[in-house]
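Colleague: Got a minute to walk me through this fold? I'd like to poke at the inside of it with you.

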Amino acid sequence: MKTLEDFNFEDKKALIRVDFNVPLDAEFNVADTSRIDAAKPTILKILEDGGSAVLMSHLGRPKGQRNEDMSLKHICNTVSDIIGVQVKFVEDCVGEKVDEAYANLESGEILLLENLRFYGEETSGDAAFAEQLSKYGDVYVNDAFGTAHRAHASTTVVANYFSENKCFGYLLAKEIKAIEKVMQTGEKPVTAILGGAKVSSKITIIENILDKVDHLIIGGGMTYTFIKAQGGQVGDSICEDDKMPLALDILKQAAAKGVEVHIPVDVLAADDFDNNAKTQGVAVDAIPDGWQGLDAGPATLENFREVILKSKTILWNGPVGVFEMESFAKGTIAIGNAIDEATQNGAFSLVGGGDSVAAVKQFGFEDKVSYVSTGGGAMLESLEGKTLPGIAAILG
């Protein structure tokens with residue numbers, strides 16, 4: 001696996017695929033800089049070697065049309081502030097303007113190209129477009145895990161034009177190693193905590209990780225499909241009736257593989273999907289009609305905590321309650337606290353997937369776990385056992 005450490009960038013120009021698809025507020029200020037912060041070490045390594053950096057990214061979904069609201073010019077000052085170098089910006093990502101800016105780029109300088117997705121050729125993986133992009137670097141560096149599952153021109157196809165002169169950036173290399181640690185090399189016992197609303201969205205992950213984990217904790221809305229499948233009463237809780245046979249099959253597979261499955265035994269139920277709804281604690285298999293489970297209950301959280309604390313490797317993907325509402329956030333916070341405690345005791349903990357990452361940030365657990373993945377869809381596809389095109393392109 002080639003990384004930045006395999007290259008000296010002195011007098012070289014690095015073409016870096018970063019993931020600067022960041023949220024902007026109404027005044028076009030960057031609302032969350034974490035993706036830019038994550039790319040900083042890679043950019044600095046290249047500059048400190050005596051090289052220069054050409055950054056390319058997408059922003060939003062302009063669908064092949066120029067859209068000023070999605071121009072990367074809006075983030076230029078923020079990137080400059082974070083990296084500590086004034087970033088040059090060019091209002092295109094291929095063509096004469098870019099040719100000129102690239103020719104004038106000197107060691108120690110950074111050039112940010114315009115939004116790649118202003119061209120439909122980016123998402124279609126057009127080879128001619130990728131070849132044009134490839135002219136803007138001596139070495140290609142992919143540091144965008146968030147788009148590594150897309151076979152786009154800048155993430156995958158462009159690598160074909162660099163032969164041996166391509167590598168992973170620090171961020172992408174860390175993502176790969178973190179997932180390997182959970183899926184292949186992790187110290188046992190390995191525990192996966194899977195939450196979220198639907199079994200259907202997690203089924204491929206569950207089936208892929210059953211051979212790798214010792215404990216599987218099921219939480220969130222998925223719970224009720226498992227409980228109803230076993231004959232429990234789930235009231236008005238979210239439930240995929242058509243996935244009940246699948247839930248039973250998962251339990252059978254887990255038992256055959258010696259994996260302990262931990263499902264909530266009690267929940268905090270509400271009479272409405274509302275932060276101010278009436279609530280009551282009930283057994284998970286005896287939720288009255290008109291009530292719905294919206295968070296894990298105290299006995300469940302104690303059970304989960306015991307499992308987490310005896311784990312040496314932990315994957316957390318998905319909240320165990322509707323954490324966006326304060327009334328139903330206690331369960332997710334309790335899971336975070338238990339993972340924090342286990343991590344302090346020497347466990348390796350990986351958090352990935354949009355909702356769990358949002359929860360970790362909201363409740364201040366970012367620095368209390370071993371690693372927080374920056375890629376939602378890419379992380380999920382990795383856990384499903386898929387080879388990501390952006391990673392395969394560097395390895396190939």
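**Cores, a cavity and one threonine**

Modeller: Sure, and keep in mind that this is a predicted model. The largest nonpolar core has 74 residues, and Leu113, Phe145, Leu216 and Leu350 touch the most other members.

Colleague: Which helix gives the most to this core?

Modeller: Eight of the core's residues come from one helix, spanning residues 170–185. No helix gives more, and that one is helix 6.

Colleague: And how many residues are in the second, separate core?

Modeller: Val22, Val30, Ala39 and Leu112 are among its members. This second core is separate from the largest one, and its count is 29 residues.

Colleague: Which helix gives the most to the lining of the largest cavity?

Modeller: There is one cavity of 30 Å³ or more, with a volume of about 40 Å³. Its lining is made up of Asp19, Arg35, Ala38, Ala39, Asp143, Leu171 and Thr374. By class, that's three nonpolar, one polar and three charged residues. Three lining residues come from the top contributor, residues 34–49, which is helix 1.

Colleague: Last one: is Thr343 buried or exposed?

Modeller: Thr343 sits in helix 11, residues 330–344. Leaving aside neighbours within four places in sequence, Thr343 is in contact with Ser349, Lys368, Val369 and Ser370. The cut-off for buried is under 20% relative accessible area. Thr343 comes in at 17%, so the call is buried.

Note on methods: Residues are numbered from 1 along each chain as its sequence is written. This is a predicted model: local features need pLDDT of at least 70, side-chain atom pairs count only at pLDDT 80 or more; totals for chains, interfaces and linings use all residues. Side-chain values use heavy atoms; hydrogens and water are left out. On a 1 Å grid over the protein atoms alone, a cavity is a set of points where a 1.4 Å probe fits but cannot get out, and a pocket is an open set with protein on both sides within 12 Å along at least five of seven lines; lining residues have an atom within 4 Å of a point. Grid points are joined across faces, edges and corners, and a volume is the space filled by probe spheres set on the points. Helices (H or I, at least four residues) and strands (E, at least two) are DSSP runs, numbered from the N terminus. Ala, Val, Leu, Ile, Met, Phe, Trp, Tyr, Cys and Pro count as nonpolar, Asp, Glu, Lys and Arg as charged, and the others, Gly among them, as polar. A nonpolar core is a set of buried Ala, Val, Leu, Ile, Met, Phe, Trp, Tyr and Cys residues joined through side-chain atoms within 4.5 Å. Buried means under 20% relative accessible area, exposed over 50%, partly exposed in between (1.4 Å probe, protein chains only). Contact means heavy atoms within 4.5 Å.
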